[in-house]
Amino acid sequence: MLLCAMASRTLIEQAKQARDWAFFNRVLSPNQGVKGLLQALEQLGKLPRDFDPDPLINLAQHPHEGVRCAAVKALSRLENPDLLTFLIERLELETATVVRRELVSAIGRLRTPEAIPALINALKDPDAKVALQAVRGLFVFRDLPEVHQALQTLTNHPNELVRDALHSTLQPAHSTTPPRAHLHSPDALKNLMVCGDALQVLRSVPDESIHLTFTSPPYYNARDYMLYPSYEAYLDLLTEVFREVHRVTKEGRFFVLNTSPVLVPRMSRQHSSKRYAIPFDIHPRIVQLGFEFIDDIIWVKPAPSAKNRNGGFYQHRKPLGYKANSVVEYVTVYRKATPKLIDWNMRQYPESIVEASRVQGKYEPTNLWAIAPAADPVHPAVFPLELASQVIQLYSYKGDLILDPFAGRGTVGSAALVLERYFFLIEKEPTYFEYAQQILAGGSLLQSEYRPRFMEYDKFLELVSEGV
Ligand SMILES: C[S@@+](CC[C@H](N)C(=O)[O-])C[C@H]1O[C@@H](n2cnc3c(N)ncnc32)[C@H](O)[C@@H]1O
């Protein structure tokens, strides 16, 4: 029988069923050669508790580090406490960092207090990923004083993943947040649009009122007139607005930002036009505010919708003169940083809301979203309803409060109403505010028990002074 055929998954499964340990002695024999061993180890799958670990113990000392790594991984799945001494001995001798990582993971998986000294020792490993495995292994013992003390020594670990893992490990096991507080948002803000400056308005919004923000900010000075004294001043203004967005966002919830580089046209033929990389320039500031970067979604539009930038190049074909027609915008997804996993956010909702909010039918599994752009007779820069609907469906639950601080004609509000969420919108320009009012007050969209309300900034201040 051919050796590679011997290692096929079907034969392995049959041998497991038959408790044919001799079969495993043959396929896991060091004589098989590295390729055959790696293939066999990969096919092993879940092993029965009474699996004879001897061939794997042998391979955990094989000269090839890939074989050692795969063998330790297989041993780890046995979760056999009798292997602890062997694993610790190997850890002391092992030089390959990938194998040390698997060894620490295997030791941690045993969940036995005898493993604690080896795991504490592994916290000092120069490879941050080994230290990370040790933190994970110690998680179940975090309430023991010696473990707590050892973990505390890593508070200033140079690697951010270790610091994050540590932070969540040292959190109290039970949340102090009252049940369902995460779902609550102020009634006064539900389906409200305010005509005013985003920064001023947001400053009066209570902490942690918002479940999701989706917005497309103004495009610097891409139009003819100068709205901002400089690009730096523009970025500073966005940063201040997003600082408020961070404050009003609930723990672990999302901030989704639609931006694209903008082209400020040249003044004359003697000057060149200038392209500003807004998504990339604003990104580090957003992370600095305490948002965690989650995803970069590319919104791709049909080619004919792009402004033609390569007319000249088409004629002369001289290298360096090429300029791409831009058919994409960026939809960057951030989460308010928290040591809690996203499952924690999901668990805050009762089953009925989770059921009602499930994303039904087809959805886009990649980060390339093909959506046609929208045109509007009144507002020059709206995003399509489909884009807002997609973001709201994917990043919020029914009954959540959705913010757009640069609301324009209120596309986010339209999508929120249809999807049975609430909107809270801010728009500075009275023309667009009034236009949004006509759209959002329209009966066909009105499915909510909170009638959409529209007010000037002064009225809003009165409202919040009464307490929201
Ligand atoms: C790109 S548009 C957003 C359009 C919106 N997504 C829609 O679909 O209608 C940006 C909007 O922000 C508004 N805006 C600019 N500066 C603002 C500020 N400081 N506060 C509130 N709104 C502002 C502009 O008037 C403009 O309507």
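**Helix packing, a one-sided helix and two loop residues**

Helix 8 and helix 10 run roughly parallel to each other, and this pair makes a convenient starting point for reading the predicted model. The two helices, which span residues 97-109 and residues 128-138 respectively, pack at an angle of about 0°, and their axes are 8 Å apart; since angles under 35 degrees count as roughly parallel, the description follows directly from that value.

On the side of helix 8, the residues that take part in the contact are T97, R100, R101, V104, S105, I107 and G108, and they meet K129, V130, Q133, A134, R136 and G137 of helix 10. Sorted by class, this contact between helix 8 and helix 10 brings together four nonpolar, five polar and four charged residues.

Helix 8 also has a part in the surroundings of helix 7, which covers residues 84-93. The buried residues of helix 7 are L87, R90 and L91, and when the helix is viewed down its axis they fall within an arc of 105°, so they line one face of helix 7. Helix 8 and helix 9 (116-122) are among the elements that cover these buried residues. The face turned away from the buried side carries T85, E89, E92 and L93, which are exposed.

At the level of the whole protein chain, the division is into domain 1, residues 3-170, and domain 2, which is made up of residues 187-306 together with 323-465. The C-alpha centres of domain 1 and domain 2 are separated by 45 Å.

Two loop residues deserve a separate look for their backbone geometry. E208 is not a glycine, yet its phi is positive, at about 50°; the residue sits in the loop that runs between helix 13 (198-202) and strand 2 (210-215). With 18 other C-beta atoms within 10 Å, E208 is partly exposed.

R317, likewise a residue other than glycine, has a positive phi near 55°, and its place is in the loop between helix 16 (311-316) and strand 7 (328-336). Is R317 buried or exposed? Around R317 there are 9 other C-beta atoms within 10 Å, and because a residue with 12 or fewer such neighbours counts as exposed, R317 is exposed.

Key:
Residues numbered from 1 in each chain as written. Predicted model: local features only at pLDDT ≥ 70, side-chain atom pairs only at ≥ 80, totals over all residues. Axes fitted to C-alpha atoms, helices over the stretch in contact; angles between N-to-C directions. Helix = DSSP H or I, 4+ residues; strand = E, 2+ residues; numbered from the N terminus. Parallel < 35°, antiparallel > 145°, perpendicular 65-115°, else oblique. Contact = placed C-beta atoms within 7 Å. Nonpolar A, V, L, I, M, F, W, Y, C, P; charged D, E, K, R; others polar. Domains from an automatic or database assignment. Buried ≥ 20, exposed ≤ 12 C-beta atoms within 10 Å, placed from the backbone. Arc of directions from axis to C-beta.
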